[in-house]
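Open the model in your viewer and keep the selection panel at hand. We will go from one stop to the next, with a short note on what to pick and what you will find there.

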Amino acid sequence: MVMVFYGSNGKSNPVSMENKVEHQTENQITYDIHLPSDLGMLYKVRLGLQSLENNISQLSLHHFKIQNPSTLDTFSLIINKTLPLSPNGDRWVEFPIQWPLKEALSVVTYHLTVFSRNILNERNLVHMTACIYGTHGDTGDRSLLQSLQNVQEEEKNESFPVMVDAVDLGELEKIVLLISSKTDCKLDIKKLHVQEAAKEHPIYVFEVNEEFYVNANKPKIQREIPRSFVFRGEKQKNDIENNLDKEGSKVKNLTEYTIKVYTGDKRGAGTDANVHIILFGNEDKSEVFQLSQSLEHQNPFERGKVDTFKIKTKNLGSLRSIEIGHDGKGFASGWFLDKVEITDAARNSVHCFNCNRSVDQSIIPLYMLFSF
């Protein structure tokens with residue numbers, strides 16, 4: 001059994017309970033755990049099974065109590081759950097800690113939907129986990145392929161939902177996938193959707209669009225998938241409608257940005273990968289834009305070249321930073337980015353974001369944050 005503790009200043013490494021037994025009776029075990037002081041105020045605990053041994057098929061948890069021996073502050077909770085959980089074989093359970101005079105977060109059931117093209121063919125071979133990150137922490141690695149009871153089949157695509165119970169994660173930011181296989185195979189994943197089970201919106205969309213070639217003799221494939229955009233339902237729809245003119249033929253109150261991308265002048269500097277960008281202002285951030293239609297060149301991002309793109313988006317306020325990266329696809333995906341210049345037409349201002357480094361494919365997709 002393993003525990004992970006989350007505090008206001010970070011989280012602990014997984015703490016194995018194997019050698020920390022202080023006192024044991026028939027139905028109760030007391031552990032003595034020393035946590036780093038720099039964790040700050042504890043706000044949640046994840047408890048689970050690191051692995052399922054042959055002689056342990058289930059673990060029933062009834063009651064959890066934690067006490068700070070220095071302050072004698074005590075938190076107690078009735079759990080009454082058995083690991084692994086049904087129906088998806090989840091080995092973990094997490095819960096908030098409520099200290100005196102402190103408000104606790106709530107436990108949320110998240111629906112994570114995986115959209116794929118061949119998951120049914122590979123489900124008995126592939127092991128895949130996802131760790132969802134938000135502003136309030138993460139879920140840890142949760143299994144996605146333990147049970148595929150509700151696979152929806154369309155003409156070319158398949159999708160299946162996975163339920164993940166976790167302490168409220170806040171605004172979702174990214175998902176880290178870990179993929180391994182018993183034999184060589186290919187797994188084609190399009191995207192991931194995450195939303196709270198009790199709410200229709202918001203829906204967090206994580207675009208993947210990658211074929212994973214899994215080798216049984218190589219380490220697990222790890223991919224960090226940043227959030228692509230958030231669909232907030234009627235509010236988002238109303239915002240769009242409010243920006244239409246009376247004829248509904250064009251959008252008002254949009255700001256045009258001219259983006260100049262400078263590729264370095266050195267050997268192997270260009271890239272054939274798909275490049276995308278997000279703009280951040282002091283009031284809002286833009287959606288993800290694919291930089292594909294260069295005003296100068298049919299084949300953008302070649303060595304020593306400057307490519308210009310025009311985009312329109314909502315008013316972001318004063319431009320502060322950008323994220324720019326690529327998907328690592330294509331024969332020559334490595335890219336040496338010199339700088340990015342962005343002109344804000346509404347404010348008649350120019351912002352320069354210097355990079356002067358290589359954007360390689362060691363992590364796909366790779367995002368960098370530059371501030372001026």
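Start by selecting Val261 and Val340: Val340 in S26 is the bridge partner of Val261. Before going on, note that this is a predicted model, in which local features need pLDDT of at least 70, side-chain atom pairs count only at pLDDT 80 or more, and totals for chains, interfaces and linings use all residues. Residues are numbered from 1 along each chain as its sequence is written, and side-chain values use heavy atoms, with hydrogens and water left out.

**The four-stranded sheet**

Now widen the selection to strand S21, residues 254-263, and strand S26, residues 335-344. S21 and S26 pair in the antiparallel sense, over seven bridges. Strands here are DSSP runs of E with at least two residues, numbered from the N terminus, and two strands count as paired if DSSP finds at least two bridges between them. Strands of a sheet pair through backbone hydrogen bonds, either parallel or antiparallel.

Which strands complete this sheet, and in what order? The order is S24-S21-S26-S27, an open sheet of four strands with antiparallel pairing. The edges are strand S24 (306-314) and strand S27 (349-359), each of which pairs on one side only. Looking across the sheet, you will find a twist that averages 20 degrees from one strand to the next; the strand axes are lines fitted to C-alpha atoms, and angles run from 0 to 180 degrees between N-to-C directions.

Move to the S24 side. Nine bridges link S21 and S24 in the antiparallel sense, and Leu254 stands opposite Lys314 of S24.

Then cross to the other side, where S26 and S27 run antiparallel and are joined by nine bridges. Pick Thr343 here and you can find its bridge partner, Val350, in S27. Follow the chain through the hairpin of these two strands, with four residues between them, and stop at Asn348, which takes a positive phi near 50 degrees.

Is S26 mostly covered or mostly open? Colour by accessibility and you will see that S26 is mostly covered, with seven of its ten residues buried. Buried means under 20% relative accessible area, exposed over 50%, and partly exposed in between, using a 1.4 Å probe and protein chains only.

**Backbone oddities**

Most residues other than glycine have a negative phi, and most peptide bonds are trans. The next picks depart from that pattern.

Select His201 and Pro202: a cis peptide bond joins them, with omega about 0 degrees. Pro202 sits in the loop between strand S17 (185-196) and strand S18 (203-214).

Continue into S18 to reach Asn209. Asn209 has a positive phi, near 50 degrees, although this residue is not glycine. With 37% relative accessibility, Asn209 is partly exposed.

Asn80, in strand S8 (residues 74-83), also merits a click. Phi of Asn80 is positive, about 50 degrees, in a residue that is not a glycine, and at 53% relative accessibility Asn80 is exposed.

**A contact across the sequence, and two cysteines**

Go to Ser159 in strand S15 (residues 158-167), which is buried at 10% relative accessibility. Add Thr113 to the selection: the two are 46 residues apart in sequence, and their C-alpha atoms are 6.5 Å apart in space.

Next, show Cys185 and Cys355. Cys185 is buried at 13% relative accessible area, and Cys355 is buried with a value of 13%. How many disulfides does a search of the whole structure find? The result is zero, where a disulfide is a pair of cysteine sulfur atoms within 2.5 Å.

**The largest pocket**

For the last stop, select Met3, Tyr31, Phe64, Lys65 and Ile66, which lie nearest the centre of the largest pocket among its 41 lining residues. S1 (2-7), S4 (21-24), S5 (29-31), S6 (42-48) and S7 (59-67) are the elements that each give two or more residues to this lining. S7 has the largest share, nine residues.

A pocket is an open set of points on a 1 Å grid over the protein atoms alone, where a 1.4 Å probe fits, with protein on both sides within 12 Å along at least five of seven lines; lining residues have an atom within 4 Å of a point.

While here, look at S4 and S5, which form a hairpin with four residues between them. They pair in the antiparallel sense over three bridges, and Val21 stands opposite Tyr31 in S5.
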